[in-house]
Amino acid sequence: MLKRISKVGVIGIQMLFVAIFVVVTLPKNLDMNEVAVVSNTDYRQTSELAETIKEMEAAMLAEEARLKAEEEEKARLAEEERKRQEELKKQEEIRKQQESAAVIKQNDNVPAATTSDSLGTYTGKLTGYGPDCAGCGNTGGLACGGHNLHTNGIYYNDATYGSVRILSAARSLFPCGSIVYVDNGILEPFYGIVLDTGGSMINAWNNGNVWVDLAFASESAARVGGATSKNTTFVLKRSGY
């Protein structure tokens with residue numbers, strides 16, 4: 001409102017200066033008829049000037065409205081993009097949680113874990129890890145080769161045991177390709193295949209302790225995957241391939 005009043009005031013001042021200019025510049029010896037002619041001419045010029053000023057003001061207002069509309073549209077698009085990114089982030093978190101919390105199901109033809117056909121039963125610690133863990137390099141490659149966590153996923157299709165989870169362990173205890181039945185009391189018991197190893201697992205076994213790492217799609221998924229347990233049972237079903 002103040003902006004509008006100030007513009008009207010500017011126009012009024014401009015017209016006042018025009019009127020003063022007309023009076024001051026009139027010749028002193030003009031008779032009334034001549035003054036009338038001059039006055040009419042100056043009046044037309046003043047009217048034209050006022051009309052021009054009005055047109056300029058209207059153009060300025062139109063430009064201001066256009067710029068304001070552009071800014072509002074940019075703000076709207078930015079807000080939509082922000083909401084879209086938030087929704088994508090939420091969906092990704094939900095996907096990871098569902099993947100991590102999913103019950104591990106085995107094929108119907110997978111043999112049950114019994115002590116009669118086991119090659120050894122161990123009690124130790126189970127944890128989870130992702131290919132982006134510290135020191136892993138985030139390549140997805142595994143120590144035993146032939147599989148990549150990024151491109152092939154966290155399951156391995158074994159000819160005998162079907163779809164099994166991927167494990168990392170001390171290979172002097174569980175050689176590459178070993179099938180291990182895992183029960184940590186949190187997840188549903190499942191079969192895993194040893195395809196990876198790590199310094200922590202090796203050091204633990206060198207000290208007589210069993211430590212196995214369960215592969216997840218990422219470190220964040222591993223943290224909520226329910227793998228961590230210090231009292232996990234490991235039943236060796238097959239040693240190596």
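**Exercise 1. In this predicted model, which ring does the charged end of Arg 165 sit over?**

Solution. Start from the Arg 165 end and look for a ring centre: the charged group sits over the ring of Tyr 155, and the distance to that centre is 5.4 Å. For an Arg, the test takes CZ and asks for it to be within 6 Å of the ring centre and within 35 degrees of the ring normal. A lysine plays a similar part elsewhere: Lys 125 lies over the face of Trp 211, 3.6 Å from the ring centre.

**Exercise 2. Work out whether the rings of Tyr 122 and Trp 205 are stacked, tilted or edge-to-face.**

Solution. First, the setting: the structure holds four aromatic pairs. Take the centres of Tyr 122 and Trp 205, which are 6.3 Å apart, then the planes, which stand at 85°, so the pair is edge-to-face. The cut-offs behind that step are centres within 6.5 Å and planes over 60 degrees apart. Next, place the partners: Tyr 122 belongs to strand β1 (residues 120–129) and Trp 205 to helix α4 (residues 199–206), so this pair links distant parts of the chain, 83 residues apart. Then check exposure. Tyr 122 counts as partly exposed because its relative accessibility is 22%, and Trp 205 is partly exposed too, at 28%. Last, widen the view: Tyr 122 and Trp 205 form one aromatic cluster with Phe 174.

**Exercise 3. Find the angle between the planes of Tyr 161 and Tyr 191, and classify the pair.**

Solution. The planes make 45° and the centres are 5.2 Å apart, giving a tilted pair. Now trace the chain: Tyr 161 is in the loop between β2 (155–158) and β3, while Tyr 191 is in strand β5 (residues 190–196), so the pair ties together parts 30 residues apart in sequence. As for exposure, both Tyr 161 and Tyr 191 are buried.

**Exercise 4. Is Lys 237 buried or exposed?**

Solution. Locate the residue: Lys 237 is part of strand β7 (residues 229–238). Its relative accessible area is 7%, and anything under 20% counts as buried, so Lys 237 is buried. For a spatial check, go to Ser 178: the C-alpha atoms of Lys 237 and Ser 178 are 7.4 Å apart, with the two positions 59 residues apart in sequence numbering.

**Exercise 5. How far apart in space are Ser 163 and Ile 193, C-alpha to C-alpha?**

Solution. Begin with Ser 163, which sits in strand β3 (residues 162–168). Ile 193 is 30 residues away in sequence, and the C-alpha to C-alpha distance comes to 9.6 Å. To finish, Ser 163 has a relative accessible area of 25%, so it is partly exposed.

Notes
Residues are numbered from 1 along each chain as its sequence is written. This is a predicted model: local features need pLDDT of at least 70, side-chain atom pairs count only at pLDDT 80 or more; totals for chains, interfaces and linings use all residues. Side-chain values use heavy atoms; hydrogens and water are left out. Helices (H or I, at least four residues) and strands (E, at least two) are DSSP runs, numbered from the N terminus. Buried means under 20% relative accessible area, exposed over 50%, partly exposed in between (1.4 Å probe, protein chains only). Rings of Phe, Tyr and Trp (its six-membered ring) pair if their centres lie within 6.5 Å; planes under 30 degrees apart count as stacked, over 60 as edge-to-face and the rest as tilted.
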